[in-house]
Amino acid sequence: MPRGIPNPKKDDFGLRYTSMSVPLAPNLKHLGTSYLKTESQTLWGRNAARKQKMPAEDMPAPPDQRRGSQVIVIHPGSRYLRIGKASDVTPLSVPNVIARKHKPPTPEPTYVENIARPRKGRSAPSTTLHPSNGDEYAVAPPSDDPFEVKLVSITVSLRDRMRFYKLRVTPNAASIASTFNEQFKPEIILEHNDPFRVDWIQGPLPDDTYLVGDQALQISNPQALNYTVRWPIHGQNFNSRDYPSVQMILDDIETIISTVLEDKLSIKRGEFKNFSVMLVIPDFYDRVYVREFINIILVSLGFKQVCVQQESLAATYGAGISNACVVDIGAVKSSIACVDEGMVIADSRMSLNMGGDDITEFLYVLLERISFPYREINLARWHDWLVMEDLKSRLCTLAEGDVALNLYDFVVRRYGHPTEKYGLRAYDEIILAPMCVFEPRVIEFDRKRVGLRPISSTDVTEEIIEHSADHVTQAMIISTQHLLPSADLPQAQVLTVEPSQGGSPANLTENGTKVEQQEVTLPSTADPTPPPAAAEPTETSTSDAPMDVERDGKTPQANPPSQPAPQVPPQPVPPADNFLGALPIDVCFEASKLPLDVAIFNSARACGGDDKIRKYLQAVLVIGGGAQIPGMAHALESRLQAIATPLVPNMDKVQIIPPPKDIDPKVLAWKGAAVLGKMDSVADLWLTPADWDMLGMRGLTERCFYL
């Protein structure tokens, strides 16, 4: 035996204790390697890179055509589907609706009331009557009707702003308008004198006939013709309320897209394989929503490749800026996200469960209080909904100087009836309706969730890493920290700003009016779901004295509490795994009740320190249909300035960035996606059907910046 080798120790039995080979200690230089840790290093990634480097010999040379003519940009929404080629100036805006045959009996269309209603039998409005103290800006105290209490709080907010801008108030305006509307008789317009008459679809159609877009809304009587009219997308997800199964939703979306491309853009289904698709998804997306949409585009429709981008990022490209706080006011949802150098900050995303449809319905409720002359209106019928949409687009404003007792007219077109022209007088209803996005007390958030089923399942995994921001963002936690138990709060104390709860009048003055203020620590708005614990601050709370922030730009001042808050009896806390993010409350739902201005401030606050807040509040980009309301920019500026000035040191002026000239804010996100579709730098972000078939959602992680 060579020297230096000790004698081996012999076993008594000469047998090994195990047949398992013990692995050697790992080599330290192998721990930091990235070998086979990304999808680009696998076989399909190398083949794709090699294919790009090879000369395209077998591909026919494309004819002389515009850049982006082979890219189709699709931006689906709750009301409209915006679709078109990237080379087009503007997209096609098609109602995202489909009508299909239904076996009799066909269900009658119903409408879910998302706005609180006054009690039956109350016709005389009382909130505009002046008290006897001679103050024209004062509002009469509300009755015992909960709707009147909420409406008075919004009216007080309006009167305080009118007082600040020294605008006069018309006395007894509601009574004058109501008297005029009750006595008005409509004017009949003959058919040959109506240039905008509707060509209703009357006759029976074959059983396999389906109607898409405007044609689906022109059916004279869908119930009599055995048709069901459905909208497949609701807010930022699929419409699970009106559909019995998810597969029916996907079939309708596929049918709508293919029909619009064939009928409007003259692209046959066999030519889809030559086109690429730029898909625009919501900022706060559901992975199932993204997966099913990609499956429709690549598998069902057979497009060449797809690239998926978020709305806020596309909007910044459309506006030509790199940093902004993007506010998208849609029909059903309003989303907020901050974009930093081409990246959407995940923790800044907010989704509010209110939009333009709530403004339309609130306008209808307010006009009903002053004897709306069109008595037979029913919002479940589409032609009646269009009447209110037309009134909203022409009447509603957020500029206090436009409030006056004016005369308006509108036209009603119904099947089987002649065209009727009505007259209408209204006063502050035109500004109270859009103010519901800043004072969401009248919105019934709990009723909005009735019938909606979750699309995703916790038993299905995408084989990609789950992040906490996929379900609950930091901005949402900041907005709902007053509802969370102290053990669930983050280490750093973050101030939130919300208006006082609309259910009970606060800070009543001697004349019975309520001072419009905002508290730094406040309860949730719009009758929130009762929190499990710590819903109201007690006298041992860590919050300091509440700071009142007036929305009309006056100097804010600290206000010590007048009396200790009543003790709240302890309530049982449910298990932490009842809701997403392992939190004891539904943070996403509670955060969706925030006023728009408060949500924007909390979104900017989730990005970092005071420098970030100043950075994003000086670049607020408002898009969507709600951005077209006159006075929206000034209303947001003044309210955000009142919130940020006392809370952010050295806060400069809040600035609302206008959209580029001659670009509709409703199509700004589509325009930005079209710009992305024409850029050479997006070549590495395309996902092909072969990659999708092999990897699924894992293939998308290498081609986007948000998964």
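Trainee: What makes both faces of β11 count as covered?

Mentor: In this predicted model, Q305, C307 and Q309 on one side are buried, and so are V306, V308 and Q310 on the other. Buried means under 20% relative accessible area. Six of the six residues of β11 (305–310) are buried. The strand is therefore called mostly covered.

Trainee: Why is β11 called an edge strand?

Mentor: The open sheet runs β3-β2-β1-β10-β11, with mixed pairing. β3 (92–95) and β11 are its edge strands, since each pairs on one side only.

Trainee: How do you know that β10 and β11 pair?

Mentor: Pairing takes at least two bridges. Six bridges join β10 (residues 276–281) to β11, and the two run parallel. S276 stands opposite Q305.

Trainee: What makes β1 and β2 a pair?

Mentor: Five bridges join β1 (residues 71–76) to β2 (residues 80–85), running antiparallel. At least two are needed, so they pair. G84 in β2 is the bridge partner of V73.

Trainee: Which strands does α5 touch?

Mentor: α5 packs on the sheet against β1, β2 and β3, at about 45° to β2. α6 lies across β1, β10 and β11, at about 150° to β11.

Trainee: Why are α5 and α6 called oblique to each other?

Mentor: Their axes cross at roughly 55° and come within 11 Å. Roughly parallel needs under 35 degrees, and roughly perpendicular runs from 65 to 115. The angle fits neither class, so the helices are oblique. The crossing is right-handed.

Trainee: Which residues meet there?

Mentor: L250, I253, E254 and I257 in α5 meet E292, F293, I296 and S300 in α6. These contact residues divide into five nonpolar, one polar and two charged.

Definitions and conventions:
Residues numbered from 1 in each chain as written. Predicted model: local features only at pLDDT ≥ 70, side-chain atom pairs only at ≥ 80, totals over all residues. Heavy atoms only, no water. Axes fitted to C-alpha atoms, helices over the stretch in contact; angles between N-to-C directions. Helix = DSSP H or I, 4+ residues; strand = E, 2+ residues; numbered from the N terminus. Parallel < 35°, antiparallel > 145°, perpendicular 65-115°, else oblique. Left-handed = near helix turned anticlockwise from the far one by under 90°. Contact = heavy atoms within 4.5 Å. Nonpolar A, V, L, I, M, F, W, Y, C, P; charged D, E, K, R; others polar. Buried < 20%, exposed > 50% of the residue type's maximum accessible area, 1.4 Å probe, protein only.
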